[in-house]
Protein chains: 2
Amino acid sequence: MPSERPRAVTINDVAALAGVSIATASKALNGRGQVRAETRDRVFAAARELSFQPNPLARSLVTGQTRTVGLLTSDSVGRFGIPVMLGAEDAFGSGETAVLLCDARGDAFREQHYLRTLLARRVDGLIVVGESTDPRPSISRDLSIPVVYAYAPSDDPEDVSFVPDDVAGSGDAVRHLIALGRRRIAHVTGPTHYTAARERAEGALGALKAAGLPLSGDRVVYGAWSQRWGRHAAEIVLNADPDVDAVFCGSDQIAAGLIEAARERGRRVPDDIAVVGYDNWEVLSEETRPPLTTMDMNLELLGRTAAQHLFAAIEGRATSGVHRMPCRLVIRDSAAPPTPR
Amino acid sequence: MPSERPRAVTINDVAALAGVSIATASKALNGRGQVRAETRDRVFAAARELSFQPNPLARSLVTGQTRTVGLLTSDSVGRFGIPVMLGAEDAFGSGETAVLLCDARGDAFREQHYLRTLLARRVDGLIVVGESTDPRPSISRDLSIPVVYAYAPSDDPEDVSFVPDDVAGSGDAVRHLIALGRRRIAHVTGPTHYTAARERAEGALGALKAAGLPLSGDRVVYGAWSQRWGRHAAEIVLNADPDVDAVFCGSDQIAAGLIEAARERGRRVPDDIAVVGYDNWEVLSEETRPPLTTMDMNLELLGRTAAQHLFAAIEGRATSGVHRMPCRLVIRDSAAPPTPR
DNA sequence: TACGTTTCCGAAAACCTTTTATTTTGCTTC
DNA sequence: GAAGCAAAATAAAAGGTTTTCGGAAACGTA
């Protein structure tokens, strides 16, 4: 047994020291009810002197609010959930709300277990962060606390979800290439069964169409999210259209592989081929040669925003629907306007 | 306001339904005290029928145990804290203990704030996970709850810390190269002011010395943790000793850069130069050409172990000192025994 | 003085569980 | 059938806070 704790100071002690009843002390400390300024000051002084910290358990027991939210990540070994999670944590942590972390590791059964645990602990709300932008099953059904979904939207449109706006982001990426004067733009991306891959293709094609430009190679080159695939895709793209002058990649991994392979085949980046990636995964995007122009999904901001909305919902101001958060192009050398010398 | 919650079912309801007093119901459910088997069954049946879940707040209020631990990460934007944190979460989450996540983001002031918050919430223990293996200030001083440190050890030897055994790991890495028949082994690593860099160099040099081999180039090549530095270091190493036949790198980023540059200078990996990395950061180690043999620090296991020890400490079985956890060599093609054809 | 208004304060209930101390029950023994 | 005893059940306290509601004090007015 750890040594006997030195019995924490309670509101009783504060009240006694201030010479008032505990009711008055409570009201003074919480700024509720009628209490004379002079009395309030006395109470505060006493609380400070004893360095009183109200016992949140007792408080929660009576108010029913725990000032705690559950953060349910479906699979955080992956890469995208982490920043979202940290953004959310940041938003809550700077306030009074604490975050209970639960990583279900992609296991629906474990998710159920955690959900029960969190409900038993009387959390005030729940934030569910996913690992891909594919919609995920809703858990909000007959839950009496608010839930928001981040990164992976809920499949129930009644719920509130925050996802990156991949369609707009990809449009921006392609428009950037067009603005740089590129006219033969290809698109290499991940597996077609990912919502992210499909939406990014949609945005890219939309921007090309709006500019009256064809897609180099005529078809979106779907494959995998890996660097290996990027290297392979470089050949496909170059064979399909030897005069291709830009490639928009669905991920930084793909872009890194593609740049490497293009370089080995003697194409200069960005002079011969401009390349834009997606994700701004800095270990890659800052280390390619040249460094990668890429789309940043602002995942921390996304998490933070989701957390703020959950907070609003807890206070009764609920929203609903899927909110698409803007992405931001990070311009590095692989696709940049000419720098004046 | 969210719709009125449908007043949760309490142990009173269970007791009433089972036709016993709440004291008996409590004892029956917790398996404490003397209660007839038949009565216990009745209580359990009632609890099940009402799907009773005890209110942990009320329970904690009386027992003083919250079944909650704080997870204080000093800077989780970095890469190494995350797996440790997830490992810890996993260890707790599978039990009854919940994890309060606090990310201090490398800010000592914020850390203090979180520490106060966690103590106010009466957590049963604290796990502090760092971002590098450099020792960090202890926070255990006159804290009445147990604390364990993971990845970054505490600077107070009285505390209990879990860190990767980089000295032994590096020794293994170099011995692996020696076993492959390499005799001119160089070591490229990060900045000298990192404990990790110094310890890995120490382990590497020790293994060389024990085998009676010199260090290729005569000196450890300290620099940065980046891929860029790896590329640059390749030149240094090759110039210092053109016949170098193996390089042990202090990180996968360095190794990736080094492999790339060596390849461009016409050296074949692993035939001419075998390369071993450190970290097993899979986005790099699986994507280099050839895939990278590298040292995995088992960070999740480390986090899990730390969590288990915290648990033990909470139950009164405390340990102390710095525990060095073994690393594990992941053999891929960049330094592998010849495969039989 | 009697009375109505404010303004401030405090007693006590409520939140839900565990635990201690006490009472009741059921059984054995003489 | 009473006494004694162990086993089983319960009443009540404790844990720390918020909140309701009634009461006291202070003050002004008739």
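The surface near DNA strand D, where a residue counts as near if one of its heavy atoms lies within 4 Å of the strand, comprises twelve nonpolar, nine polar and five charged residues in this predicted model. In this division Ala, Val, Leu, Ile, Met, Phe, Trp, Tyr, Cys and Pro count as nonpolar, Asp, Glu, Lys and Arg as charged, and the others, Gly among them, as polar. As the model is predicted, local features need pLDDT of at least 70 and side-chain atom pairs count only at pLDDT 80 or more, whereas totals for chains, interfaces and linings use all residues. Residues are numbered from 1 along each chain as its sequence is written, chains are lettered from A in the order in which they are written, and side-chain values use heavy atoms, with hydrogens and water left out.

DNA strand D is surrounded by 26 residues, of which Ile11(A), Ser26(A), Ser21(B), Thr24(B) and Thr39(B) are the closest. Of the atoms of DNA strand D that come within 4 Å of the protein, 67% belong to sugar and phosphate. Polar contacts (pairs of N or O atoms within 3.5 Å) include one between an N or O atom in the side chain of Ser26(A) and a phosphate oxygen of DNA strand D, at 2.7 Å. A backbone N or O atom of Ser21(B) is likewise 2.7 Å from a phosphate oxygen of this strand. A base nitrogen is also contacted: a polar backbone atom of Ala58(A) lies 3.4 Å from it.

Around DNA strand C there are 25 residues, and Ser21(A), Lys27(A), Thr39(A), Ile11(B) and Ser26(B) come nearest. Here sugar and phosphate make up 69% of the strand atoms that come within 4 Å of the protein. The surface near DNA strand C contains twelve nonpolar, nine polar and four charged residues. Phosphate oxygens of this strand lie 2.5 Å from a polar backbone atom of Ile11(B), 3.1 Å from a backbone N or O atom of Asn55(B) and 3.1 Å from a polar side-chain atom of Arg59(B). Two or more residues of this surface come from each of α2 (22-30) and α4 (56-63) in chain A and α2 (22-30) and α4 (56-63) in chain B, helices being DSSP runs (H or I) of at least four residues, numbered from the N terminus.

Chain A is superposed on chain B by a rotation of 180° with 0.0 Å of shift along its axis, with an RMSD of 0.1 Å, the fit being by least squares on the C-alpha atoms of residues with pLDDT of at least 70 in both. This is the relation of a two-fold axis. Both copies use the same surface, since 98% of the contact residues of chain A recur in chain B, contact meaning heavy atoms within 4.5 Å.

Terms used. Polar contact = N/O pair within 3.5 Å; in protein donor to acceptor, adjacent residues only side chain to side chain.
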